[in-house]
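Biologist: I am new to reading structures, so please pick one topic and take a close look at it with me. I would love to hear about the salt bridges, and about how buried or exposed their partners are.

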Amino acid sequence: MNNQSTLLDTKALATTTAVTKASSKAKVLTGDRATGQLHLGHYVGSLQQRLILQEQYEQTILVADLQGLTDNGHNPHKVSDNILNVVADYLAVGIDPTKTTICLQSAIPALSELTMYYANLVSVARLMRNPTVKSEIASKAFGQSIPTGFLTYPISQAADITAFKATLVPVGDDQLPMIEQTNEIVRKLNHIAGQQILVECQPLLSKVSRLPSCDGKNKMSKSMGNCILLDASAKQITTAVKSMYTDANHLKVEQPGQVAGNVVFTYLDAFYPDADYVAQLKAHYQQGGLGDGALKKILEECLQQLIAPIRERRAMYINDKAQLIEILKAGTEHAQAETDQVLQQVKSAFGLNLF
Ligand code: TRP
């Protein structure tokens, strides 16, 4: 990986202004496939970071419905039913549409058009070599029936990123190959144009990129059915925390317990606001005398406090679909104007600008 990546420490970033001043106008693009409600894994992996980024950068969040279709072509409701769910999740956690442009991929024609132009610059072999695509293809068991849209989604993602002239793209580490492929396309296009039309981008990695599922066996994921949604009820939170794996050998309260690989501590690290207190809990647990029940109670209260206001706000938004649509439409119109300019430049680079 020859990308320069920036490790974003959300807490540090919130308290420093150095980064802000250096690049206050930089454009940030992030997105989510609209295939389900967002969960706590999204919260620590990206949403929290976006709350900070919206204060400092020109941030766009793309509801990637077209990308969601790339492996749901025969099950499109999974995407269409979730567009407003995702928007409600954004607003519920505090994404502010006056600071962040929230827009809908399928309603921005320039993104699809750019994909067609870029497709001529990327070989099938290169797509097959993309490590993310490769492992996704393996895990999805498409067999000989890989949808063309799926194989080519890195090209569409390059269209998304370049259309907004984004220089910073917050992603999980699984998405780094997408950034690399985007920058290859940028260099090829600029070479053809004989000038710098498109800009290269850098990934912005969040500190916590993956939250494990409650049993610690996988990452938290809607498709695996192991997630705590952002509108989880108090009861669902209690049940989820109770089911969490700790240290299988920690059978009695007075025994020393293991912190490494203990899911409850992973969650406390991710969500508990006072890191010193978590350090004390770890020491106590390792020494013996801190039971799993007491430990889980602390995590449970912390998650109840975190989720309750999000759940409330989310319910308010989801009950006002007209408002959600209005917000998404306004953001999309803003995005259309922005991305059309880049499309015209790219068409000109290919000499396709008669009128
Ligand atoms: N690939 C992202 C995901 O899996 C969604 C996405 C689409 C995206 N276009 C993007 C992310 C552009 C960052 C930039 O959720």
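Modeller: Let's begin with R314, which is buried, at a relative accessible area of 4%. Here buried means under 20% relative accessible area, exposed means over 50%, and partly exposed lies in between, using a 1.4 Å probe and protein chains only. This is a predicted model, in which local features need pLDDT of at least 70 and side-chain atom pairs count only at pLDDT 80 or more, while totals for chains, interfaces and linings use all residues. Residues are numbered from 1 along each chain as its sequence is written, and side-chain values use heavy atoms, with hydrogens and water left out.

R314 makes a salt bridge with D231, with 3.6 Å between the closest N and O atoms. The two partners come from distant parts of the chain, 83 residues apart: R314 belongs to helix α16 (residues 292-318), and D231 to the loop between β6 (202-206) and α13 (234-242). Helices (H or I, at least four residues) and strands (E, at least two) are DSSP runs, numbered from the N terminus. Unlike buried R314, D231 is partly exposed, at 25% relative accessibility. Elsewhere, K27, E58 and E338 are joined into one network by salt bridges that share partners.

What counts as such a bridge? A side-chain nitrogen of Lys or Arg must lie within 4 Å of a carboxyl oxygen of Asp or Glu. The general idea is that side chains of opposite charge can pair when their charged atoms come close. The structure holds 15 salt bridges.

One of them joins D32 to R50, with the closest N and O atoms 2.8 Å apart. This pair also links distant parts of the chain, D32 being in strand β2 (residues 27-33) and R50 in helix α3, 18 residues apart. Both partners are buried: D32 has 10% relative accessibility, and R50 has a relative accessible area of 2%.

Another bridge brings together the side chains of K99 and D96, at 4.0 Å from N to O. Here K99 is partly exposed, with a relative accessible area of 39%, and D96 is partly exposed too, at 23%.

Finally, where are there no salt bridges? The domain assignment, which is automatic or from a database, gives domain 1 (3-212 + 321-349) and domain 2 (234-310). Between domain 1 and domain 2, the count is 0 salt bridges.
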